[in-house]
Amino acid sequence: MPVVTVEDRRLTLSNLDKVLYADGTTKGELLHHYASHGALLLPHLVDRPLSLLRYPDGAAGERFFTKNVPPGTPDWVMTGEVPRSGGGTMRQLVVRDLPSLVWAANLVVEFHTPQWTLDDPGTADRLVFDLDPGEPATVVDCCRVALWLRERLAADGLTCYVKTSGSKGLHLLCPVTPTPAKETSAYAKRLAVEAGRELPDLAIAAMARRLRPGRVFIDHSQNAARKTTATPYTLRARPLPTVSAPVTWDEIAACETPEDLEITLADLPDRLDELGDLFAPLASGDEAAPLPG
């Protein structure tokens, strides 16, 4: 197995030629993505406990979600005690540097994080909406809901950023001043319900799956302290190597087909050359604003 040096750490990588995606993308290419784009991911990972969706044999193989520290984790990879929702604590990974990111990526994972950091569990610095289309609705319908939510959030003084989920829908994120997760959850639920009233044939806030076909489910539950969301720029366990990639609001407004917002590993370098890091302001927290009173 090849041994590489990442900054000051020697890492043993495995199965670099293994094909993980239907287009032939290999594990080596996945690792190259994380190694070369670490500066984009790390601001969204640092100090946030990680949940990992592992798919070591590709999207068509076994997939399993874990929050526990994997066996064999090096002692130089940071871990932290995280409160359990039922009481007590558990230990999770916390990626703080590029060697840790590449080491974790070698496990073949999606990166998922909560809306809070390890130094203040349960106090959110981000608000999130996960827009999930129920067939035959698509991401095109999600875009219409996203534009409504953006305007509504702006009316409350919040700046909204948008990314593809890397699956079927969209994620909307707003930087907020530190706020208890119970309050961000309640606020997000109110706006989701309001959207359902204002866009009754398009959006729904109810969890019941039988009500979702043909409409966009506005999942506000990811604001709960125990929940996580796919990290910006993470690869997803899908047939193609789709990325949970930031997009512009112009792209949202112009979206006419699902393919317009299907962003894969191969698309990302040109997008970054043209648009830069669209989520840099979100990562900085400079635009954080309080929820309305």
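A pocket is an open set of grid points with protein on both sides within 12 Å along at least five of seven lines, and its lining residues have an atom within 4 Å of a point. This model is predicted.

**The largest pocket**

The largest pocket has 28 lining residues. Nearest its centre lie Asp130, Asp132, Ser167, Gln222 and Arg236. Three elements each give two or more residues to this lining: strand S7 (109-113), strand S8 (123-133) and strand S12 (216-219). Which of the elements gives the most? S8 does, with four residues.

**The second largest pocket**

Here 22 residues form the lining. Closest to the centre of this pocket are Ser167, Lys168, Arg238, Pro258 and Glu262.

The table sets out the space and the lining of each pocket.

| Pocket | Space | Nonpolar | Polar | Charged |
|---|---|---|---|---|
| Largest pocket | About 600 Å³ | seven residues | eight residues | 13 residues |
| Second largest pocket | About 410 Å³ | 10 residues | seven residues | five residues |

**Helix H3**

Now turn to helix H3 (residues 98-105). Is H3 largely enclosed or open? Eight of its eight residues are buried, so H3 is largely enclosed by the rest of the structure. Buried here means under 20% relative accessible area. The buried residues are Leu98, Pro99, Ser100, Leu101, Val102, Trp103, Ala104 and Ala105.

What covers the buried residues of H3? Strands do part of the work, including S1 (3-6), S2 (9-12), S6 (89-93) and S7. Helices H1 (27-36) and H2 (38-45) are also among the covering elements. S7 thus appears twice: it helps cover H3, and it gives residues to the lining of the largest pocket.

Definitions and conventions. Residues numbered from 1 in each chain as written. Predicted model: local features only at pLDDT ≥ 70, side-chain atom pairs only at ≥ 80, totals over all residues. Heavy atoms only, no water. 1 Å grid on protein atoms, 1.4 Å probe; cavity = no way out; pocket = protein on both sides within 12 Å on 5 of 7 lines; lining within 4 Å. Points joined across faces, edges and corners; volume = space filled by probe spheres on them. Nonpolar A, V, L, I, M, F, W, Y, C, P; charged D, E, K, R; others polar. Buried < 20%, exposed > 50% of the residue type's maximum accessible area, 1.4 Å probe, protein only. Contact = heavy atoms within 4.5 Å.
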